[in-house]
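This report describes selected parts of one protein structure. It covers strand pairing, burial and backbone geometry.

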Amino acid sequence: MSTRLDLTQDVGALTARIVNVESVSGDEKVLADAIEEALRPLPHLSVHRDGEAIVARSELGRAERVVIAGHIDTVPVAGNLPSRVEGDLLYGCGTSDMKAGVAVALKLAAALRAPSRDVTYVFYDCEEIEAERNGLLRLSREHPDWLAGDFAVLMEPTDGVIEGGCQGTLRAQITTSGKRAHSARSWLGVNAIHAAQPVLEILNAYQARLPVVDGLEYHEGLNAVAIGGGVAGNVIPDECVVTVNYRFAPDLSLEAAQAHVSEVFDGFEVRFTDGAPAARPGLTHPVAQAFVDAIGGTPRAKLGWTDVSLFSGLGVPAVNYGPGDPNLAHQRGEFVSLEKIADCERRMLDWLG
């Protein structure tokens, strides 16, 4: 099957075309090749490539530059390719997260020959897997000038509503210790799994914050996501590890979030295994205000982590805005509304046209 992308076709049909090019994280080359092939002939854009990331830029000398970015990878296919249309809904792997947003960005790249602001379009790889492989992170290290701008829009699924900033995330291991013994003589040992009960009680009693940051309310969460312990069926375990995930609002730095978790589990052994900072909404910037005015609706907080955090670290205020429904991301029955894709394209064209 040909993977050529026709950027003149309807945005819904283009989305279906992109969805049908399988691009599970780490295997995006075919789709990256197709995107590069579609963008290279456009005379109003300069096109660059790093690995499986494609960057296209207008060079009109406008007073402001906007970055429009989206990842081209998906989670593993779950028997949900090729795509199919039922009424207004397009079903298939990556329809919502986030090939519909990618299709909108490609349509903008082709249609906007003289946008009101200079635009950089970024299509990158490996967002759905471990952070160190993230294509946008790689670009920020190797080609930071490609990502420079006054404002950025991540075409992440938001169901057509602007979502400001993002939560930070960290994971920590809470370890309880004991003493091994034969289970037939358990009183000679100390059961580390039983010793984890206070950790779970702390989590059950934990009251999550609902802080308001720059006018948007975030809902934090501290939860156990894994628990492990045990040696054998006849041994009292001497170690148990509870892994917790803390989703924190952007009024906390990563270091402050770690300090909070350490305080919550004071007296226990706490080891942090990974973490990513939050990002403030960034809606007070004049370019962001113009975007809100053009898109309409009431912005809300992004309850999750996205690459707006990376742009925030680069000093570029960023928001999330895309046609997909985040509640459908990664599901076997994932779908996107064709009407919402068209509406997203129309609003973005009005803003930049």
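The text below goes through a hairpin and its surroundings, then a small sheet, then some backbone outliers. The model is predicted.

**The β1-β2 hairpin and its neighbours**

Strand β2 (53-57) has five of its five residues buried, so it is largely enclosed by the rest of the structure. The burial applies to both faces of β2: Ala-53, Val-55 and Arg-57 are buried on one side, and Ile-54 and Ala-56 on the other.

β2 pairs with β1 in the antiparallel sense, over five bridges. Within this pairing, Val-47 stands opposite Ala-56. The hairpin made by β1 and β2 has two residues between its strands, and Gly-51 there takes a positive phi near 60°. β2 also runs antiparallel to β6, to which it is joined by four bridges. Here Ile-54 of β2 faces a partner in β6, Phe-123.

Helix α2 spans residues 29-39, and its buried residues are Leu-31, Ala-32, Ala-34, Ile-35, Glu-36, Ala-38 and Leu-39. The cover over these residues includes three strands described above, β1 (46-50), β2 (53-57) and β6 (118-124), together with helices α1 (11-19) and α3 (95-111).

**The β4-β5-β19 sheet**

A separate description is needed for the open sheet of three strands, which has the order β4-β5-β19 and antiparallel pairing. β4 (84-86) and β19 (335-337) are the edge strands; each has a single partner, so one side of each is left without a neighbour in the sheet. On average, neighbouring strands of this sheet are turned by 25° against each other, with direction ignored.

Three bridges link β4 to β5 (residues 89-91) in the antiparallel sense. One residue pair can be named: Val-85 has Leu-90 of β5 as its bridge partner. Helix α3 packs on this sheet and touches β5 and β19, its direction making about 45° with that of β19. Helix α9 (residues 338-352) lies across β4, β5 and β19 and runs at about 55° to β19.

**Backbone outliers**

Most residues other than glycine have a negative phi, and most peptide bonds are trans. The table gives the exceptions considered here.

| Site | Feature | Value |
|---|---|---|
| Leu-81 to Pro-82 | cis peptide bond | omega about 0° |
| Asp-97 to Met-98 | cis peptide bond | omega near -10° |
| Asp-214 | positive phi | phi near 50° |
| His-330 | positive phi | phi near 70° |

Where do these residues sit in the chain? Pro-82 is in the loop between β3 (65-71) and β4. Met-98, by contrast, lies in helix α3. The cis bond leading to Met-98 starts from Asp-97, and α3 is the helix that packs on the β4-β5-β19 sheet.

Asp-214 belongs to the loop between β11 (212-213) and β12 (216-217). His-330 is found in the loop between β18 (318-320) and β19.

Are Asp-214 and His-330 buried or exposed? The class between the two applies: partly exposed means a relative accessible area from 20% to 50%. Asp-214 counts as partly exposed because its relative accessibility is 41%. His-330, at 44% relative accessibility, also counts as partly exposed.

How values were computed
Residues are numbered from 1 along each chain as its sequence is written. This is a predicted model: local features need pLDDT of at least 70, side-chain atom pairs count only at pLDDT 80 or more; totals for chains, interfaces and linings use all residues. Side-chain values use heavy atoms; hydrogens and water are left out. Buried means under 20% relative accessible area, exposed over 50%, partly exposed in between (1.4 Å probe, protein chains only). Contact means heavy atoms within 4.5 Å. Two strands pair if DSSP finds at least two bridges between them. Axes are lines fitted to C-alpha atoms, for helices over the stretch in contact, and angles run from 0 to 180 degrees between N-to-C directions.
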